[in-house]
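User: I'd like to learn how to read a fold from its strands, helices and cores. Could you walk me through one?

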Amino acid sequence: MKLDRKCALLVIDIQQEDFVQMNSNNIDAPEWECIRNAKRVLDVFRGKKLPVIQIKELHRTDMTDFGRELDGSEGIHCMEDSPYSDYAELTYPMEGEYLITKRRYSAFFGTDLEILLKGLHVDTLYMIGGLTDVCIHYTAVDAHQHDYFIRVVTDAVAGSSQEAHDYALKAIRYLQRDALVTTAEIEAWR
């Protein structure tokens, strides 16, 4: 596999809120490694001038768009009026990158992502960001069902726990046997 014009990178939910929740004093934490690797993957796509689609989750301040999301383990998050809901500085969008705002876990649900991908003539989606077991997983499933090839960069995504991360990657690999790649593999395709 190599990167070509039919590939696009989905940068999923790498937002300031992620950094606030991480222990900023422990830069060796696995979450920081994920974000550093995400930046490396992003640099490859930018260097090859391949489409980069930056996706962030936002919710209205009156919370009308949360739906059943708050029935699970997550609390209120990614509110429109919060400065922490902006894109993370390390992977902040550049001019010419596409921006998608989503209200649910899947980047396909209720957004114009499908229209954008068709316009770009993309057939393969690379994914970085988080959470592996939530937004990455649901976006990967929807991409698969829309007949896209999916590639999740395993060391540039992080889950709600190591166990959840591992199970999500296993489920994604079940859908497409070549779905899992690493940052080193992406860099080797430069």
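Analyst: We'll go from the sheet to the cores, then to a helix and a few backbone oddities. This is a predicted model, so local features need pLDDT of at least 70 and side-chain atom pairs count only at pLDDT 80 or more, while totals for chains, interfaces and linings use all residues. Residues are numbered from 1 along each chain as its sequence is written, and side-chain values use heavy atoms, with hydrogens and water left out.

User: Let's start with the sheet. In what order do the six strands come?

Analyst: First, the terms: helices (H or I, at least four residues) and strands (E, at least two) are DSSP runs numbered from the N terminus, and two strands pair if DSSP finds at least two bridges between them. Here the order is 3-2-1-4-5-6, in an open sheet with parallel pairing. Strand 3 (98-102) and strand 6 (180-181) sit at the edges with a single partner strand each, so one side of each has no neighbour in the sheet.

User: How many bridges hold strand 1 to strand 4, and how many join strand 1 to strand 2?

Analyst: Strand 1 pairs with strand 4 (residues 124-130) over six bridges, with Cys 7 opposite Thr 124. Four bridges join strand 1 to strand 2 (residues 52-57), and there Ile 12 has Ile 55 as its bridge partner. Out at strand 6, two bridges link it to strand 5, and Val 152 stands opposite Leu 180.

User: How do I read the two faces of a strand?

Analyst: In a regular strand the side chains alternate between the two faces of the sheet. Now look for burial: buried means under 20% relative accessible area, exposed over 50%, and partly exposed in between (1.4 Å probe, protein chains only). In strand 1 (residues 7-12), six of the six residues are buried. Cys 7, Leu 9 and Val 11 are covered on one side, and Ala 8, Leu 10 and Ile 12 on the other.

User: Since there are cysteines about, how many disulfides are there?

Analyst: A disulfide is a covalent bond between the sulfur atoms of two cysteines. The rule used is a pair of cysteine sulfur atoms within 2.5 Å, and by that rule the count is zero. Cys 7 is buried at 1% relative accessible area, and Cys 135 is buried at 4%.

User: What about the cores: which residues touch the most other members in the largest one?

Analyst: A nonpolar core is a set of buried Ala, Val, Leu, Ile, Met, Phe, Trp, Tyr and Cys residues joined through side-chain atoms within 4.5 Å. The largest has 26 residues, and Leu 10, Ile 53, Leu 113, Leu 117, Leu 125 and Met 127 touch the most other members. Elements giving two or more residues to this core include strand 1, strand 2, helix 3 (113-120) and helix 5 (162-175). Helix 4 gives the most, with five residues. Apart from this core lies another of 20 residues, among them Cys 7, Leu 42, Ile 128 and Val 181.

User: Where does helix 4 lie?

Analyst: Axes are lines fitted to C-alpha atoms, for helices over the stretch in contact (heavy atoms within 4.5 Å), and angles run from 0 to 180 degrees between N-to-C directions. Helix 4 lies across strand 1, strand 2, strand 3, strand 4 and strand 5, at about 170 degrees to strand 4.

User: And how do I find the buried side of a helix?

Analyst: An α-helix has 3.6 residues a turn, so residues three or four places apart point the same way. In helix 3 the buried residues are Leu 113, Leu 116 and Leu 117. They cover an arc of only 95 degrees around the axis, which puts them on the same side of helix 3; the arc is that of the directions from the helix axis to the C-beta atoms. These buried residues pack against strand 1, strand 2, strand 3 and strand 4, while the face turned away carries the exposed Ile 115 and Gly 119.

User: Last one, the backbone: what stands out in phi and omega?

Analyst: Asp 13 has a positive phi of about 60 degrees although it is not a glycine. Asp 13 sits in the loop between strand 1 and helix 1 (16-21), and is buried at 7% relative accessible area. Lys 49 also has a positive phi, near 55 degrees, but Lys 49 counts as exposed at 66% relative accessibility. Just after helix 3, His 121 takes a positive phi of about 60 degrees. As for omega, the peptide bond from Gly 130 to Leu 131 is cis, with omega near -15 degrees, and Leu 131 lies in the loop between strand 4 and helix 4.
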